[in-house]
Amino acid sequence: MSNNLYILNGGIGKHICFTSCINHLDKINIMSAWPKVFKNHPSVNFSYDYFFSPTIDNVSFFNKFDNVYAIEPYDHHFHKNKIHLVKNYMILFNINKDEDIYNELYFNDNEEEDIQHIVSSLEDYVMVQFMGSDEHSKDTDFIGARGLIKEQAQKIVDILNFDLKLNVLNVYSSVDLLKNTAKIEKAHLDYMNYAHLLKYAQGFIGIDSSLNHMSANKFCNTKGVVLWNDENVIERLSYDKNINIISNTPRVMRFDVNQVIDNFQKIRSKNDQTRRN
């Protein structure tokens with residue numbers, strides 16, 4: 001058993017992708033801004049909260065470990081090559097792994113019991129994410145934005161809700177900018193609750209953000225539709241299990257809503273078939 005500490009920076013997607021490597025690194029410790037991603041992983045000794053464990057002038061803490069590694073997956077190799085983030089982690093740690101790209105998120109029995117109450121209350125539901133967990137601006141109609149413009153997001157929600165008769169769970173909306181979305185009484189959902197709920201959803205529609213990476217959990221069979229603003233980003237961060245659609249306008253998030261819904265219907269049928277099997 002090693003006594004090494006790995007410090008991870010960046011958004012939740014980077015951290016979820018890192019889970020693909022953990023079984024190859026022996027028992028490790030992790031410091032992360034998203035510590036619950038690693039809490040139940042069988043190959044993690046302890047997951048420290050980055051915000052409660054200062055990384056500067058904390059010598060006594062870091063001296064508890066044999067080695068301390070600050071991990072940056074967006075390194076020179078990643079920038080110079082069109083390579084998936086998971087594959088780049090493998091290269092970073094000299095892991096020879098010729099398998100499908102996936103991540104690993106674990107839930108314990110108590111979490112499973114708790115989530116089933118929410119699943120039952122939602123009944124048939126779809127999950128949507130049209131803004132990143134790190135985005136706070138209502139304005140997304142500009143070059144480089146990865147969030148979907150509100151008008152199209154609302155149209156998609158309304159079709160899912162009124163035409164397809166699905167409860168729509170809107171992920172990571174600090175202020176719910178969309179109408180006709182599901183409300184869960186007396187429940188404050190965090191990022192791991194969303195990852196857990198995704199396992200039982202009819203499908204999802206999302207962007208280049210956390211739902212996309214959560215769907216690649218090898219214990220989650222749920223597929224979805226992911227909307228992208230750039231073809232190059234798809235090669236680095238997408239997963240083949242999902243339907244990936246590129247924006248109609250270069251680097252601006254505008255889509256044919258009917259095309260999005262049609263593809264969701266295809267994905268929903270695949271999810272239903274998987275569950276029946």
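This passage looks at helix H5 and at two residues with positive phi in a predicted model.

Helix H5 runs over residues 109–122, which makes 14 residues. From its first C-alpha to its last it reaches 20 Å, close to the 20 Å expected at 1.5 Å a residue. Right at the start of H5, Asn-108 gets involved: one of its side-chain oxygens comes to within 3.2 Å of the backbone nitrogen of Asn-110.

So which residues of H5 are buried? They are Ile-115, Ile-118, Val-119 and Leu-122. Looking down the axis of H5, the buried residues fall within an arc of 105°, so they line one face of the helix. The general rule behind this kind of pattern is simple: an α-helix has 3.6 residues a turn, so residues three or four places apart point the same way. As for what covers the buried residues of H5, the list includes strand E5 (125–128), strand E6 (167–170) and helix H7 (191–198). Flip to the other side of H5 and the picture changes, with Asp-109, Asn-110, His-117, Ser-120 and Ser-121 exposed.

Just after H5 comes Glu-123, sitting in the loop between H5 and E5. Its phi is near 55°, a positive value in a residue other than glycine. Glu-123 is exposed, with a relative accessible area of 60%.

Asp-26 also has a positive phi, about 65°, although it is not a glycine. Where is Asp-26 found? Asp-26 lies in the loop between helix H1 (12–18) and strand E2 (28–32). With a relative accessible area of 43%, Asp-26 counts as partly exposed.

Terms used. Residues are numbered from 1 along each chain as its sequence is written. This is a predicted model: local features need pLDDT of at least 70, side-chain atom pairs count only at pLDDT 80 or more; totals for chains, interfaces and linings use all residues. Side-chain values use heavy atoms; hydrogens and water are left out. Helices (H or I, at least four residues) and strands (E, at least two) are DSSP runs, numbered from the N terminus. The expected span of a helix is 1.5 Å times one less than its number of residues. Buried means under 20% relative accessible area, exposed over 50%, partly exposed in between (1.4 Å probe, protein chains only). The arc is that of the directions from the helix axis to the C-beta atoms. Contact means heavy atoms within 4.5 Å. A polar contact is a pair of N or O atoms within 3.5 Å; within protein, one must be able to donate a hydrogen and the other to accept it, and residues adjacent in sequence count only if both atoms are side-chain atoms.
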